[in-house]
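Reader: Before we turn to the model, I should like each descriptive term to be justified against its criterion. Please set the value beside the definition in every case.

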Amino acid sequence: MATVTKLSHLHLLLLLFLLLHLLIDSASAAYPIGVNYGTVANNLPPPQQVAKFLKTQTSINSVKIFDANPDILRAFANTNISVTVTVGNGDIPSLAKMPAAQSWIAKNIQPHHPQTIIRYIVLGNEIMATSDKVLIAYLLPAMSTLKSALDQAKLTHIQVSTPHSLGILSTSEPPSTGRFRKGYDKAVFARILEFHRQTKSPFMVNPYPYFGFDPQKLNYALFRPNPGVFDAATGKNYTNMFDAQLDAVYSAMKKVGYEDVDIVVGETGWSSAGDPNEPASNLENALSYNGNLVRHVNSGKGTPLMPNRTFETYIFALFNENLKPSISEQNFGLFKPDFSPVYNVDILNDKSTPGATAPAASPAAPAPPAPSASAPGPGVVRGRWCVPTRGASDAALQANIDYVCGTGVDCRPIQQGGACFEPNVVRSHAAYAMNAYYQANGHQDLNCDFNKTGAIVYSDPSHGACKFSVEGESVRLEKSESALGRWNMLWTVIAVIVVVVL
C-alpha cells in the first residue's frame with residue numbers, strides 16, 4: 001500500500017510539473033511572424049550581424065532564405081531563430097533520386113544540425129508559375145524523396161513544402177469560388193496535398209494583395225476601413241483582401257478534399273517606393289499593410305472560413321535589396337542595410353531605439369478644437385484617445401464603425417441599451433468605436449488614421465456612464481488579468497495536489 005501511495009504522489013507531482021510547463025509555455029508563445037531574408041544586394045551587412053540583430057533587437061524568431069547559403073546557416077546557429085531553406089529550381093529534377101537527395105542533405109543540412117534550427121526545406125519558388133513542364137513533373141517526386149532522405153538521416157522534424165503564387169487558382173473572387181486551375185486540380189494539387197497530409201507539412205502560398213488590388217479597393221487591400229466584399233454563397237463579409245485570398249485557397253483545397261491541411265504564408269508584403277506609374281507603392285501604404293498584417297495575424301482571429309487560426313506568415317522582405325530590377329522590387333524591405341527601419345511594424349523589441357519609430361501613416365489629421373488636442377506639458381501625465389476629425393462625414397464614420405465592429409472589437413456599448421448608445425448619432429458612436437480600435441491595437445498613430453478621418457486628442461471624451469478606454473490602461477489590465485488568471489489556476493492546482501498528497 002505504501003508503494004502505491006508513493007507512486008500516486010509521484011504521479012501527482014509529475015502532473016504538477018507538466019501543468020507548470022504548459023502555463024509558462026503558453027505565457028511565452030512565439031509570434032507567428034517571420035521574414036524573408038533576401039540577398040539580391042551589394043550593400044547588406046554580414047549574416048552574423050543580421051542574426052545578432054534579429055535575436056537581440058526584434059521579436060522575429062523565424063527567417064526564410066532563398067538558397068542554402070552556408071554562411072547564413074552558420075550565422076543563425078544557437079540563436080533559437082528557425083530557418084527555412086530553399087532548393088533552387090534547377091536542382092529539383094535531380095533530387096527526385098535518393099542518392100542525390102541524400103547528398104544534398106549531407107552537404108547543406110547536416111553540417112548545421114542541430115546548432116541551427118532548420119524548420120522547412122522548400123523546393124523552388126512558385127514552380128507552377130514557370131509553366132516548365134519538367135519542373136512541374138519532378139516537383140512532387142523530389143519533395144517525397146527529400147522527405148524520405150530526411151527521415152533516413154533522423155531529421156524527421158524538418159518538413160518539406162513548396163511555395164505557390166495565387167496564379168494556381170483559376171477563380172478566387174468571391175473566395176467561395178476558389179478553385180485550382182483546370183487540369184492541375186487533381187493531377188497535381190490533390191497529389192501534393194496528399195503528400196502534405198501524410199507528412200503533416202503545410203501547403204505554402206504567397207498571397208500578395210499588392211499585386212491583386214484595383215484603385216477602388218486600395219483600403220480593402222491595406223486592412224483599412226472599407227465596406228467590405230460580401231460572399232453571398234457563404235454569407236461572409238470580407239474586410240481585407242488578405243483573408244479573401246487565403247479563403248480562396250482554402251476553398252480550392254476543400255474542393256479536392258484537403259481542407260484539413262495547414263496553410264503557411266511563405267511571402268506577402270508591400271513596396272514602400274515605386275516608379276511614377278506605381279502611386280500605391282509608398283511608405284504610407286507599406287506601413288499600413290505590413291503593420292495591420294502583423295496585428296491581424298498575431299490576433300489569432302483567422303479568416304471568415306478559417307476562424308480562430310494563426311497562420312505562420314513570412315513578410316517579404318527583411319532588407320531593401322538594391323540589385324533588384326525595379327524601384328518597387330528594391331523597396332519591399334522592413335529595414336535598410338544599416339539596420340535602421342524603413343518603418344516600424346511593431347517587431348522591434350526596444351521601441352525607443354533611435355530611428356525605430358515609424359513615420360506617420362499619413363499627414364496629420366486636422367486637430368479637434370483646443371484644448372482637447374493640446375499635447376500635455378512637461379511632467380503632465382495624461383492619456384491619448386482617438387476621435388473623429390471635424391470634417392469627417394457621417395458616411396465615412398459609419399464605414400469606420402462597420403469596419404471596427406467587424407474586426408472583433410466589442411461594440412456592445414454603442415448598441416441600444418449600452419452605456420454609450422446615447423447620444424444616438426453616428427459621430428458619437430464612431431468616437432467610441434474608433435477609440436476602442438486604437439486602444440486595442442497598439443496605440444500607434446496608424447491605428448487612428450481611419451483614412452484621415454481620425455485624430456489623437458489628449459482630453460478624455462468620456463461622458464456620463466460612457467467610459468472611453470485610455471491608452472495603455474485597458475491593454476495592461478487585459479494582460480495582467482490574463483497573467484493573474486494563469487497563476488491563480490496554477491496555485492489552485494498546487495493547493496489541490498498538496499491537499500490530496502497530505
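Reader: What makes strands β4 and β5 (residues 159–161) a pair?

Author: This is a predicted model, in which local features need pLDDT of at least 70 and side-chain atom pairs count only at pLDDT 80 or more, while totals for chains, interfaces and linings use all residues. Residues are numbered from 1 along each chain as its sequence is written, and side-chain values use heavy atoms, with hydrogens and water left out. Two strands pair if DSSP finds at least two bridges between them; strands (E, at least two residues) and helices (H or I, at least four) are DSSP runs, numbered from the N terminus. Between β4 and β5 there are 3 bridges, and the two strands run parallel; they are therefore a pair. One of the partnerships sets I121 against V160 in β5.

Reader: How do you know that β3 (residues 82–87) also pairs with β4?

Author: The parallel strands β3 and β4 are joined by 5 bridges, so the requirement of at least two is met. Here I121 in β4 has V85 opposite.

Reader: Why is the connection from β3 to β4 called right-handed?

Author: The chain passes from β3 through helix α4 (residues 98–108) to β4 as a β-α-β crossover. Such a crossover is right-handed if, with the strands pointing away from the viewer, the path from the first strand over the helix to the second runs clockwise. This crossover is assigned as right-handed.

Reader: What makes strand β4 (residues 118–123) mostly covered?

Author: Buried means under 20% relative accessible area, exposed over 50%, and partly exposed in between (1.4 Å probe, protein chains only). In β4, 5 of the 6 residues are buried.

Reader: Why are F339 and F450 called buried?

Author: F339 has a relative accessible area of 19% and F450 one of 5%; both are therefore buried, the limit being under 20%. Each also has a positive phi without being a glycine: near 75 degrees for F339, about 45 degrees for F450. F339 lies in the loop between α12 (327–330) and β14 (385–388), and F450 in the loop between α14 and β15 (454–457).

Reader: What makes a set of residues a nonpolar core?

Author: The members are buried Ala, Val, Leu, Ile, Met, Phe, Trp, Tyr and Cys residues joined through side-chain atoms within 4.5 Å. The largest such core holds 127 residues, and L54, W104 and I121 are among those touching the most other members. Apart from it lies another core, of 5 residues, including V122 and Y314.
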